[in-house]
Amino acid sequence: MKSILYKVYYILKWIVLYHKLGSIPASSYMKRPMRLVNPRFIRIGKDVTILDMARMECVRQDGGRKLRGSITIGDGTSIEQCSHIIAADKLVIGKGVTISAFVYIADVGHGTEVPGVDVMKQPMVVKKTEICDGAFIGMGARIMPGVRVGKGAIVGANAVVTHSVPDYTVVAGVPAKTIKRYNPETKEWEKLD
């Protein structure tokens, strides 16, 4: 009996949370379970798929400081399971983006300004982060605060991206480095030395 009540509670909680989202069209799909923090500041476009165990957080306050965390996900974007997206400013994920499983994307991190003070107690540092249309983020990649992943860019699996990625460029590694770039004249991806 207890397990049935728990399942009913969980389903009702999910329905309420789902309807608190800032916006989600009928053509988009979110698979539960999922963790949403401040869901009313999450906007989801048409034909978006977000798989289970995803975590999306809109940070609205840091101590006494007010923040404006919001997440916008463009039409046709796919986010695989166990991805974590956190925003303390306006984080935009463009149209037709593919985000593989276990990806981390953030526009905020904990500061380290005051030596001897626990990092978790220091003020957050917010830097604009953006994922442009048609980008592909490989499994396990980490997109750090202050990064712009350009249009049609490809981020390799497990890459840690600490600098912006130009349009139509492939990056990989820890830290991520450019390994290929699309040449519109030759219409080929060219390896960089």
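Q: How much of the chain counts as buried?
A: Buried here means under 20% relative accessible area, with exposed over 50% and partly exposed in between, using a 1.4 Å probe and protein chains only. This is a predicted model, where local features need pLDDT of at least 70, side-chain atom pairs count only at pLDDT 80 or more, and totals for chains, interfaces and linings use all residues. Residues are numbered from 1 along each chain as its sequence is written, and side-chain values use heavy atoms, leaving out hydrogens and water. Of the 193 residues of the chain, the buried share is 39%.

Q: What does the secondary structure of the chain come to?
A: Helices (H or I, at least four residues) and strands (E, at least two) are DSSP runs, numbered from the N terminus. By that count, the chain has one helix and 24 strands.

Q: Which residues have the most contacts inside the largest nonpolar core?
A: A nonpolar core is a set of buried Ala, Val, Leu, Ile, Met, Phe, Trp, Tyr and Cys residues joined through side-chain atoms within 4.5 Å. The largest one has 34 residues, and β3 (42-44), β5 (55-58), β8 (70-73), β10 (84-87) and β11 (90-93) each supply at least two of them. The residues with the most contacts inside this core are Ile50 and Met56.

Q: Which residues does a second, separate core include?
A: This other core has seven residues. Among them are Ile86, Ala88, Ala106 and Met124.

Q: In what order do the five strands of the open sheet run?
A: Strands of a sheet pair through backbone hydrogen bonds, either parallel or antiparallel. Two strands count as paired if DSSP finds at least two bridges between them, and the pairing in this open sheet is parallel. Its edge strands, each pairing on one side only, are β3 and β19 (148-149). The order is β3-β8-β11-β16-β19.

Q: Which residue in β11 stands opposite Ile73?
A: β8 and β11 pair in the parallel sense over four bridges. Opposite Ile73 in β11 stands Ile93.

Q: Is Thr77 buried or exposed?
A: Thr77 sits in the loop between β8 and β9 (78-79). Leaving out residues up to four places away in sequence, Thr77 has contacts (heavy atoms within 4.5 Å) with Asp47, Val48, Thr49, Ile93, Gly94, Lys95, Gly96 and Val97. Its relative accessible area is 1%, so Thr77 is buried.

Q: Which backbone oxygen does the side chain of Thr77 reach?
A: The distance is 3.2 Å. The oxygen belongs to Gly74.

How values were computed
A polar contact is a pair of N or O atoms within 3.5 Å; within protein, one must be able to donate a hydrogen and the other to accept it, and residues adjacent in sequence count only if both atoms are side-chain atoms.
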